[in-house]
Amino acid sequence: MEGEQKMSVMTIVQAINNALDIKLAEDKTVVMYGEDAGLEGGVFRVTEGLQKKHGVERVFDAPIAESAIVGTALGMAMSGLRPVVELQFDGFSYPAFNQIISNVSRMNNRSRGMYKAPMVIRFPYGGGINALEHHSESPEALYSHIPGLKVVVPSTPHDAKGLMIAAIESEDPVIFMEPKRIYRAIKQEVSDDKFSIPIGKAKVLTEGTDVTVVAFGAMIRECQKALVMAKEAGISVELIDLRTIYPLDKETIVNSIKKTGKIVIVAEAPTSFSVGGELMAIANEEAFLYLEAPPKRVMGFDTIVPLAKGEPLYMISPDRIFYEIERTVKF
Amino acid sequence: MIFNDFNPLEDKIFRVIDNDGKVINKEYMPDLDDETIIQAYKHMLFFRTADEMAVSFQRQGRMYTYPPCLGHEAIHAASGMNMRDQDWLVPAFREVGIMLLKGVSMKEIFLYYMGNEEGSNFKKANHVIPISISIGSQYLHATGIGYSVKYQKKDEIVFTSIGDGGTSEGDFSEALNFAGNWKVPVIYTIQNNQYAISVPVKNQTNAINLAVKSVGFGIPGVKVDGNDFFAMYATYKEAVEYAKAGKGAVLIEALTYRKGAHTTSDDPTKYRTKEEETEWHKTDPMHRLKKYMDHKGIWKENEEELIEKYKLEVDKQFEEAENMPPYKLDDVFQHMYVDMPDDLRKQKADYEQFLTWKESKK
């Protein structure tokens, strides 16, 4: 089988569509719904064509009611289906928050394992697309803080496909955050076959010796641009893509810090009480004696993501990442 | 009483003029002088001119997005003309006409869709809440404001609005349940324009209409032809009297058609047919009011000249919006808190340090 893989060039949108298509085809318990996600294929067209192919009973439009979308999905998950639901934007996951925090995340524990919640809640996240309010947010810390959930954020088409398949096959509920800013910006050869990428495993994208940079989702591309600047400045950066926020791959991070002695964390969410804070805690708890500089967060302000005119001031740019990398290395 | 005579349980619809502008329900015709009717049409003409220009500015890349109000003019004019300065407007995001009549400027509307929060800082509009992007959530705020003005014994009425899709949100039902319970002076409008982005009303609910939802909350409800200015005007007039008499809230379903896209990012050809659009165009609110005025022989203005005049006005407002001073770092932070935490000040200072470094590298 190996070596004969058929590959196609895909964007993240196409890769997720392909993963959903594969799972819908092979597993009749998979159903998929959300606002405009049926006939139209979602506002970003991630589910385009799936209703036509798999039928309106399995791929359909939901009324505008995020709490109902997630709450009904839990009902389905407890009774033999594997729902994948789409919430239209990051900021529209909040109306569903009660169902997520009070029920989805707890059902397995509440029922002592009798009722599981094998479901995926997917939504586009992040800024940089000149959007309206509630369309630019990065709520990974909110969901990672809830016991019982797994939180996944891919950064490439390949990872998006493999992680989506793993998410649908997960017996635990998965929050699947899709980097909308790079939905179509990156094209990559992806295998047409079914494959999955384990949830909870980070990936070292670039090996380096001077400093560890940890990021995920749309920030990976910004970090890669910063790495070019770092290279010119003679700094060797090890870049880690988390891929899963929870459960966090501590081993990969700690091993890298032990090698470089320095860590810079890049994310677009507000700085305080963030994934960045968690990574700094891990650095301190598990690699304290290896640290040669204070861990640094390059993250959003503790503000609302401004509308388009102010957004460039908020978004993390490659030069800002480089600036903090250089300061950390020179500490 | 309109609210008694058109029972939503029987799926009745309240209408005063037909598609040709002929009066078909004379007893309900609101008592309006010619001047007011002409003024209503002028309002609608201004709304439509401004709306079409907004779409065109967006197409030119001078605004990021815009939700067209094309086709909603009668609802906007009728509700706006029934609002006093002290009354409250709690909008969703497709109420530009009502906002204008409440004193919001096109400049502010443009600023918002250019991506500047200053567009929600309505300098000359009294009691207008910023638009609500989070679907349906504004209905609850309207209920709360209703409680507040009642508690404070103020002579103020609250107008709020939602789309047909928004009626699926829990907030819609919860707001109306509270409203019935508290008997608040709130006029709840549903602008039923047939589509929640791509999803038609029939896929949102199995109810025979949306006005009928009022029954479960114990408040009066009526389904009105939202493209009939007179029907909308008469309904709002009655709703205002009901609220003023301390009787409480009402729900108005205004039946219309979103002639444009959901927003400029949307492509309606994906989910609706030309035939359907053509059918609805026959009900266009402006054509109907114009035909009524023509029958009566009261319209003597030169419409082309008026449009040219309005265009100049809208252009001026757009130019002012485009010439706003650049967005500053301070604008990101200054309104986050009334009492800004030190930590935020430090984040801003750190960023300024970075900007200094960036300058030095040039």
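Okay, let's start with confidence: chain B averages a pLDDT of 97, and 100% of its residues score at least 70. Keep in mind that what we have up here is a predicted model. For the complex, the predictor gives an ipTM of 0.93 and a pTM of 0.95.

Let me stay with chain B for a bit. The domain assignment cuts chain B into domain 1, residues 2-327, and domain 2, residues 328-362. If you take the centres of those two domains over C-alpha atoms, they sit 40 Å apart.

Now, the sheet. Chain B has an open sheet of five strands, and the order reads 1-2-3-7-6, with parallel pairing. So which strands are at the edges? Those are strand 1, at 88-90, and strand 6, at 221-225, and each of them pairs on one side only. Going from one strand to the next, the twist averages 20 degrees. As a reminder, strands in a sheet pair through backbone hydrogen bonds, and that can be parallel or antiparallel.

Let's zoom in on one pair from that sheet. Strand 3 of chain B covers residues 186-192, strand 7 of chain B covers 250-255, and six bridges join the two, running parallel. If you want a spot to click on, try B:Tyr188, which stands opposite B:Leu251 in strand 7.

Next up, how the two chains meet. How many residues does each chain bring to the contact? Chain B puts in 34 residues and chain A puts in 29. On the chain B side, the elements giving two or more residues are helix 13, at 329-333, and helix 14, at 342-361. Helix 14 of chain B has the largest share of that side, with six residues. And what's the mix by class on the side of chain B that touches chain A? You get 16 nonpolar, 12 polar and six charged residues.

Over to chain A. Chain A is also split, into domain 1 at 10-191 and domain 2 at 203-329. Here the domain centres, again over C-alpha atoms, are 26 Å apart. The contact between these domains of chain A takes 24 residues from domain 1 and 23 residues from domain 2. On the domain 1 side, two or more residues each come from helix 6 (140-144), strand 6 (150-152), helix 7 (157-169) and strand 7 (174-179) of chain A. That side of domain 1 divides into 10 nonpolar, eight polar and six charged residues.

Last stop is strand 4 of chain A, residues 82-86. Is that strand buried or exposed? Mostly covered: five of its five residues are buried. Both faces are covered, with A:Arg82, A:Val84 and A:Glu86 buried on one side, and A:Pro83 and A:Val85 buried on the other.

And what does strand 4 of chain A pair with? There's strand 2 of chain A, residues 30-34, which runs parallel to strand 4 and is joined to it by five bridges. In that pairing, A:Tyr33 has A:Val85 as its bridge partner. Then there's strand 5 of chain A, residues 120-125, which pairs with strand 4 in the parallel sense over three bridges. For that one, look at A:Val84, whose bridge partner in strand 5 is A:Val120. Both of those strand 4 valines, A:Val84 and A:Val85, are among the buried residues I just listed.

That's my tour, thanks.

Terms used. Residues are numbered from 1 along each chain as its sequence is written. Chains are lettered from A and ligands numbered from 1 in the order in which they are written. This is a predicted model: local features need pLDDT of at least 70, side-chain atom pairs count only at pLDDT 80 or more; totals for chains, interfaces and linings use all residues. Two strands pair if DSSP finds at least two bridges between them. Helices (H or I, at least four residues) and strands (E, at least two) are DSSP runs, numbered from the N terminus. Axes are lines fitted to C-alpha atoms, for helices over the stretch in contact, and angles run from 0 to 180 degrees between N-to-C directions. pLDDT is the predictor's confidence in each residue, from 0 to 100. Two residues are in contact if their C-beta atoms, placed from the backbone, lie within 7 Å. Ala, Val, Leu, Ile, Met, Phe, Trp, Tyr, Cys and Pro count as nonpolar, Asp, Glu, Lys and Arg as charged, and the others, Gly among them, as polar. Domain bounds come from an automatic or database domain assignment. A residue is buried if 20 or more other C-beta atoms lie within 10 Å of its own, exposed if 12 or fewer, and partly exposed in between; C-beta atoms are placed from the backbone.
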